[in-house]
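Hi everyone, thanks for making room for me today. I'll put the model up on the screen, and then we'll walk through a few places in it together.

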Amino acid sequence: MTEADILATTYDDTCTVYRPFKKDLESGETVFQDGLQGQAVYIDLACALARPTGGSPKREKPVINAGVDYVLFVRPEVDIQQSDTIVVIQQGREIIVTAGRPAYYPSHNEVPATLVKERA
C-alpha cells in the first residue's frame with residue numbers, strides 16, 4: 001500500500017468537478033460554458049475538504065467582502081485545474097467552490113478553493 005493509498009482512506013467526502021469549455025452552437029457562435037454549466041470531468045470523486053479558515057476581509061468598493069477559503073485534498077493522479085468548479089458533498093451538505101492553483105505532491109494534491117455557495 002502506497003502513501004497515496006493510505007491518505008486516500010481518510011477521504012470521507014465526495015465531489016464532482018466541472019471544467020470550463022468552449023461550445024460551438026449550430027448558429028456558428030462559440031459560447032464559453034463555466035461553473036456548473038461546464039463539462040463534468042470527475043463524478044463522485046473521493047476527496048477531503050478541510051475546514052474553512054474563516055476568510056479574510058477584502059475591501060472592495062463600496063462593501064467589504066469576506067471570502068471563505070478551503071483546501072481540497074485528492075489523490076495525486078487527479079487533475080483539478082485552476083478555475084474548475086467543484087461541488088463537494090460533506091456530511092450531507094453541498095459546498096460549491098472554485099479551484100485555485102493546485103499544489104502537487106507524490107502522496108496527494110492540495111487544491112486551494114474559495115466558497116461560491118453552501119446548501120444544507
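Okay, let's start at Leu49, which stands opposite Leu72 in S7. Those two strands, S4 and S7, pair in the antiparallel sense, and two bridges hold that pairing. S4 covers residues 39–49, and S7 covers residues 69–74. Before I go further, please keep in mind that this is a predicted model.

Now stay on S7 and look at its other partner. Which strand do six bridges join to S7? That's S11, residues 109–119, and S7 and S11 run antiparallel. If you want one pair to click on, take Tyr70: its bridge partner in S11 is Ala113.

S7 also has two faces, so to speak. Which residues make up the covered face of S7? They are Tyr70, Leu72 and Val74, while Asp69, Val71 and Phe73 sit on the uncovered one. So the two residues I've just used as examples, Tyr70 and Leu72, both belong to the covered face.

Next, charges. The structure holds four salt bridges, and I'll show you some of them. Go just past S7 to Arg75, whose side chain meets that of Asp5 in a salt bridge, 2.9 Å from N to O. This pair ties together distant parts of the chain: Arg75 is in the loop between S7 and S8, Asp5 is in helix H1 (residues 3–8), and they are 70 residues apart. How exposed are they? Arg75 has a relative accessible area of 23%, so we call it partly exposed. Asp5 comes out at 27%, so it counts as partly exposed too.

Arg75 has another salt bridge, this one with Glu77, at 2.6 Å from N to O. Glu77 counts as exposed because its relative accessibility is 53%. Put those together and you get a network of salt bridges linking Asp5, Arg75 and Glu77.

Let's head back to S11 for one more. Glu118 forms a salt bridge with Arg93, and their closest N and O atoms are 3.3 Å apart. Here again distant parts of the chain are linked, since Glu118 is in strand S11 and Arg93 is in strand S9, 25 residues apart. Glu118 is partly exposed at 38% relative accessible area, and Arg93 counts as partly exposed at 40%.

Last topic: backbone angles. Most residues other than glycine have a negative phi. So who breaks that habit here? Asp44 does, with a positive phi of about 55° although it is not a glycine. You'll find Asp44 in strand S4, and at a relative accessible area of 58% Asp44 is exposed.

Gln91 is another one, a residue other than glycine with a positive phi near 50°. Where is Gln91? Look in the loop between strand S8 (85–90) and strand S9 (93–99). Gln91 is exposed as well, with a relative accessible area of 73%.

If you'd like a stop to revisit later, try Arg75, with Asp5 and Glu77 in its salt-bridge network. That's my tour, thanks for listening!

Note on methods:
Residues numbered from 1 in each chain as written. Predicted model: local features only at pLDDT ≥ 70, side-chain atom pairs only at ≥ 80, totals over all residues. Heavy atoms only, no water. Buried < 20%, exposed > 50% of the residue type's maximum accessible area, 1.4 Å probe, protein only. Helix = DSSP H or I, 4+ residues; strand = E, 2+ residues; numbered from the N terminus. Pairing = 2+ DSSP bridges.
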